[in-house]
Structures are given as C-alpha cells and as structure tokens.
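Colleague: Please take a close look at one short helix in this model. Then follow the chain outward from there.

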Amino acid sequence: MLFRSLDAAKNGTVALLSYAPNSLDKDFAAAKSHLTGDFLSYYTQFTEQIVTPAAKQKSVKTTAAVVRAAVSELHPDSAMVLVFINQNTTSKENPDGAFAASAVKVGLKKVNDTWLISSFDPV
C-alpha cells in the first residue's frame, strides 16, 4: 500500500506537469487518468480555459521530474505524499528554457483499488 500510493503520487505529478503544444489532448487525458473528485473537475477546467490557449499560442512545453517523494500520511483509503519536483519549461519567448524546483503535497484517495490524486497543493 505504501509503495502503490508513493508511485501513484510520483507518476501522477509528472503527468500533471508535463505537456507539449503538439500533444496537449493526449497529455491532459493522461494526466486526468491519475485524478479524482473536485481536483479532476478543477484540472479539466483549468487546462481547457487557461493552459491550452497559452500553450498553443506561446508554444509552451514543460517537463517535470520527481527528485524525491515521501509518504507523510497513510490510511486505508487516503494518503498524503510530499513530492519534490524539477521542472523545465520552454516557449517561443524563452527557447533556452526556465528551470524551477518546487515541492507539493499530493493528496490521494483510493478509488476502486487505485490510488488517484484528489488534491495538489504547492508547499
């Protein structure tokens, strides 16, 4: 259970934060497969209204990699995982890219025996 929740948080985080202008639909569909509940609704609306137009107009490509992750809470049907991320973003305006390191608290819920992200909060 510990490793399944940890892997779900890491894989979901990379999927959420990695996309390219020529594969947005596929990238966002992959990300949504890791989400549940209100966060899934929020992410869907946010990507459709904010991210997609900006990514297409400015040719934004971002890739994320998990540097470290640790489970901070674990219950039978929920978990909280702290995830440290390195992210690189390129665009028309900045073809060399911008690097960012960040940390997020990833809330997980177990749905039909699968761990899904239910919250995603920067630390």
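Modeller: The helix comes first, then its cover, then the parts further along the chain.

This is a predicted model, in which local features need pLDDT of at least 70, side-chain atom pairs count only at pLDDT 80 or more, and totals for chains, interfaces and linings use all residues. Residues are numbered from 1 along each chain as its sequence is written, and side-chain values use heavy atoms, with hydrogens and water left out.

Start with helix α2, residues 24-32. Helices (H or I, at least four residues) and strands (E, at least two) are DSSP runs, numbered from the N terminus. The buried residues of α2 are L24, D27, F28 and A31. They sit on the same side of α2, because they cover an arc of only 90° around the axis. That arc is taken from the directions from the helix axis to the C-beta atoms. D25 and K26, on the other side of α2, are exposed. Buried means under 20% relative accessible area, exposed over 50%, and partly exposed in between (1.4 Å probe, protein chains only).

What covers that buried side? The cover includes α1 (2-17) and α3 (37-58). T47 belongs to α3. T47 is buried, at 3% relative accessibility. Its contacts (heavy atoms within 4.5 Å) reach back to α2. Leaving aside neighbours within four places in sequence, T47 touches F28, T52 and P53.

Move on past α3. S59 lies in the loop between α3 and β1. Its phi is near 55°, a positive value in a residue other than glycine. S59 is partly exposed, at 32% relative accessibility.

Next comes strand β1, residues 61-74, which holds L74. L74 is partly exposed, with a relative accessible area of 33%. L74 joins M1, L2 and F3 in a nonpolar surface patch of about 390 Å². Patch residues have over 30% relative accessible area and no salt bridge, and nonpolar side chains (Val, Leu, Ile, Met, Phe, Trp, Tyr) are joined within 5 Å. A salt bridge is a side-chain nitrogen of Lys or Arg within 4 Å of a carboxyl oxygen of Asp or Glu.

Last, the hairpin. β3 (residues 98-111) and β4 (residues 114-122) pair in the antiparallel sense over 8 bridges. Pairing requires that DSSP finds at least two bridges between two strands. V111 has T114 in β4 as its bridge partner. The hairpin has 2 residues between its strands, and N112 in the turn has a positive phi of about 50°. D113 is in the loop between β3 and β4. Its phi is also positive, near 70°. At 48% relative accessibility, D113 is partly exposed.

How values were computed
Patch = residues over 30% accessible without salt bridge, like charges linked within 9 Å, V, L, I, M, F, W, Y side chains within 5 Å. Areas by Shrake-Rupley, 256 points an atom, 1.4 Å probe, with all protein chains shown as cover.
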